[in-house]
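Work through these exercises with the structure in view. Try each task before you read its solution.

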Amino acid sequence: MSLAALFVQLLNGLAGASTLFLIAAGLSLIFGVTRIVNFAHGSLFMLGSYIAYSLITRIGGTGLGYWAAVLLAAVCVATIGALIEILLLRRIYRAPELFQLLATFALTLIVQDVVLQLWGSENLVGPRAPGLKSAIFVFGRALPTYDLALILIGPLVLGLLWLLLTRTRWGVLIRAATQDRDMVAALGVNQAVLFTSVFALGAGLAGLGGALNLPREPANLGEDITAIGDAFVVVVVGGMGSIPGAFLAALLIAEIKALCIALGQVSFLGFAISFPQFTLVAEFVVMAIVLVLRPWGLLGKPQGSVRSIGQIEAPIVPAGRMLQMIGAAVLAALLVLPLVAGGESYSTVLAIDILVGVLFAVSLHFIMGPGGMHSFGHAAYFGLGAYGAALLFKDAGMPMELALVAAPIVGCLGALIFGWFCVRLSGVYLAMLTLAFAQIVWSIVFQWDELTGGSNGIIGVWPSPWLATKAAYFYLTLTLCVAGILLVRRILFAPFGYAMRAVRDSALRADAIGIGAVRVQWTGFVIAGAICGIAGGLFAFSKGSISPETISISRSVDGLVMVLLGGIGTLVGPIVGSVTFLILQDSVARQTEYWRALLGLVIIFLVLVFPQGIAGTIQSWSKRAWKPA
Amino acid sequence: MTPLLQVRDLTRSFGGVRAVDNVSFELARGELLALIGPNGAGKSTCFNMINGQLRPDSGEVRLDGENIVGRKPRDVWRLGVGRTFQIAATFHSMTVIENVQMALISHAKRTFHAWTAAAAHFRDEARDLLAQVGMDAHADRPSSILAYGDVKRVELAVALANKPKLLLMDEPTAGMAPRERNDLMALTKRLVTINDIGVLFTEHSMDVVFAFADRMIVLARGKLIAQGSGEAVRDDPKVREVYFGSGRTVARRVSA
């Protein structure tokens, strides 16, 4: 590779860094002030792209018109952001942090379908800006002049933001709220206005990023997920709430990606390393390293404490008579399901999927609820269990039963390694590190064609003859699922479950009575990994084939949605949540083409009506009903 | 006989500030020793070093003759050092008795037991401890709804769970009404006498200190400036100076 090619790639990286910075800066601002992890930020970016496309194709013929269209697109997205804040988020600031995440996730589903409806599923290639259509030649290689413009825009926006934050009263308020928003409120600042305006600014920046990105990448429906993934990484690497940190991190990540592409295929000590493939995982590796070395990100500071910690959990109690009876009735109904609905019926197949989902959600709840560790990458252990079982079955020739037993061990081993790093962090940073590990597992599986079959996955993963009928497999799944739930319940009521909650309630106090947070959380992490591995193994043999989709971000997010939907305070929560979610997904998906939007609306509705999750809300209702004041 | 706690030449700086500067003192079993001094004197720093939360730059902390500097707080706890916090709190997702049971479970090294229900572990012992602090009637209430004074009592029961030799209490009566203060300290005094525990406590309320401390040590700007009985400390000119000012500064300001 020539030095010239490297140089051009690095310039290209700088251009990429600018858009990356714009999205990340908005996300960082919003998080800093409102403490909302805005999952819909990628969707705002995508909206920016599409709106810019429409505007530019109408008024973008001249230079003036073009840039006016770009700015107008940003303003449109800022307005949409303000509306989202006023209509939705404002109602749930008091809800637990993760509930807000759930609501913003629902927004991504809605935006997806709105965009699909308005602009269609085709990729839309935007025209280049008038006057910047040509390319200049650097060492004999073409570099679009538009990229040069982008390279300048990034620092320009950084400068403007810096002026805004340091030179205006509004900026002072934003910085103050980032440090201690309760104090800002106590000093008589109108929080509603501050939050709305910050959300609008953040959304506008994302929209601007989307609009500016249009000539480099066509507007497409997959942009939102890629953008949010990238933005999260940049914000976390730079340090939550730090704008210069976001800029630095954007530069770092964009340049490392560019470098990977420039390096190409390199052979090293006899191994051929394909660096371009590494781009898929590079940012997550960078994030993992940064989080391990500097837990608050490059320029971040430890998060200020948030005083309103939301709901205080009630002590756990064994299920009452009512709940026991409902549980027994459900179990009885499940036992006769294959007989009533038919062994090979759709209901039986759906029931297997739901049971697997329940086990997945229960294992996630184990570390999220009692453990207090919010995992955004739980699919990793699901995928490890699934791929572990499938590979041991196909490649190592293990009998199916043994491979299924190995699934939790593989999940457990993964959790042992990843958990060691994760439990040293907390809050959003821990969540992001779990996400990073999941992405690393995903990209290894995706790219290791020889072993995992790459994007095609592994086929022919069928259960032994005695389990070949759907009915038999259903009973196996039911048995393992119920056993898993009972095991988790047992652990939660045992000293170890109490120790996990002690550490979550107050690590300092737990330490003062001899309970070390790291060991307890690590152990919890490993248990969750093992149980999730069982779910993964069951999943692989129920489908007969698996693909990298098993480990995707969307599966991790599904898990989060299930747990939060049900409510985090009780063990019944994840069960109710996963069943609700999966049945909704199934029935809604069959009803309409726009099932995502509908699902999103349903989730928002549930969030607004059941602010403690379905099971949690019913629990407090029944308490109110039974106990006279 | 070696004293229960020996602190020798304990020093710790933050940046250029010597928060604790060559502090030495001793504490015997059954003794209530008050650590007093104005804000910023280094009381909390001193405390956190004894309990293992902070590592001193130099100096020794000996418990029954054994140097415990460099050990983690939970290992110090295992050696028999209990502590209560300035801002009292409990594990808020547990009932009162579960809080105490948690400490007993940890003391018996059963934290990682994952089979039998926690409720079955040490319930009687926990009830005994709650009875000692007068909280047995509240055993099954959620600890998150207790009144602040009651939280302090529960914290005391938790701190007593591992049968400590030494109890560190960081402002045990902060935030309490005068009546409650006296009750809590009288209770503490009774319990340490019965169990022969040494207590080191920091305190801002001089009423509490003079009523209950057997002895006191006074810190100012990181240095130990006086120690001894209530009367000796009260009459010490240095102590008067840090608490009331010397009078000179006032005079100078007036004349200027």
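**Exercise 1: A sheet in chain B**

Four strands of chain B make an open, antiparallel sheet in the order E2-E1-E4-E5. The model is predicted.

Task: Find which strands are the edge strands of this sheet, and trace the pairing of E1(B) with E4(B) and of E4(B) with E5(B).

Solution.

Step 1. Look for strands that pair on one side only; these are E2(B), residues 17-27, and E5(B), residues 66-67.

Step 2. Now see what packs on the sheet. Helix H1 of chain B, residues 43-51, does so. H1(B) touches E1(B), E2(B) and E4(B). The direction of H1(B) makes about 120° with that of E1(B).

Step 3. Go to the pair E1(B) and E4(B). Five bridges join them, in the antiparallel sense. Arg8(B) stands opposite Glu60(B), which lies in E4(B).

Step 4. Move on to E4(B), residues 58-63, and E5(B). They too pair in the antiparallel sense, over two bridges. Leu63(B) has Glu66(B) in E5(B) as its bridge partner. Arg62(B) stands opposite Asn67(B) in E5(B).

**Exercise 2: Two hairpins**

Task: Which residue takes a positive phi in the hairpin of E4(B) and E5(B), and which one in the hairpin of E9(B) and E10(B)?

Solution.

Step 1. The hairpin of E4(B) and E5(B) has two residues between the strands. Asp64(B) takes the positive phi there, near 50°.

Step 2. Next, locate the other two strands. E9(B) covers residues 215-220 and E10(B) covers residues 223-228. They run antiparallel and are joined by five bridges. Met216(B) stands opposite Gly228(B) in E10(B).

Step 3. This hairpin also has two residues between its strands. Here Arg221(B) takes a positive phi, near 45°.

**Exercise 3: Where the chains meet**

Task: Describe the interface of chain A and chain B. How much area do they bury between them, and which helices of chain A give two or more residues to the contact?

Solution.

Step 1. Start with the residues. Chain A brings 32 to the contact and chain B brings 35.

Step 2. Turn to area. The size of an interface is often stated as the accessible area lost when the parts come together. Chain A and chain B bury about 2,900 Å² between them, and 67% of it is on carbon and sulfur atoms. On the side of chain A, Pro495(A), Arg509(A) and Ile513(A) lose the most area to chain B. Together they account for 24% of what that side buries.

Step 3. Count the polar links. There are 14 residue pairs in polar contact across the interface. The number of salt bridges between the two chains is two. One of them joins the side chains of Arg509(A) and Glu155(B), at 2.8 Å from N to O.

Step 4. Name the helices of chain A. They are H18 (470-493), H19 (495-505), H20 (507-512) and H21 (517-543). H19(A) gives the largest share, eight residues.

Step 5. Sort the residues of chain A on this side by type. There are 20 nonpolar, four polar and eight charged.

**Exercise 4: A link within chain A**

Task: How many residues apart are Lys543(A) and Asp353(A), and which helices hold them?

Solution.

Step 1. Count the salt bridges over all chains: the total is 20.

Step 2. Pick out the one between Lys543(A) and Asp353(A). Their closest N and O atoms are 3.0 Å apart.

Step 3. Place both residues. Lys543(A) is in helix H21 of chain A, and Asp353(A) is in helix H13 of chain A, residues 346-368. They are 190 residues apart, and the pair links distant parts of the chain.

How values were computed: Residues are numbered from 1 along each chain as its sequence is written. Chains are lettered from A and ligands numbered from 1 in the order in which they are written. This is a predicted model: local features need pLDDT of at least 70, side-chain atom pairs count only at pLDDT 80 or more; totals for chains, interfaces and linings use all residues. Side-chain values use heavy atoms; hydrogens and water are left out. Contact means heavy atoms within 4.5 Å. Buried area is the accessible area (1.4 Å probe) that two parts lose on being put together, summed over both. A salt bridge is a side-chain nitrogen of Lys or Arg within 4 Å of a carboxyl oxygen of Asp or Glu. A polar contact is a pair of N or O atoms within 3.5 Å; within protein, one must be able to donate a hydrogen and the other to accept it, and residues adjacent in sequence count only if both atoms are side-chain atoms. Ala, Val, Leu, Ile, Met, Phe, Trp, Tyr, Cys and Pro count as nonpolar, Asp, Glu, Lys and Arg as charged, and the others, Gly among them, as polar. Two strands pair if DSSP finds at least two bridges between them. Axes are lines fitted to C-alpha atoms, for helices over the stretch in contact, and angles run from 0 to 180 degrees between N-to-C directions.
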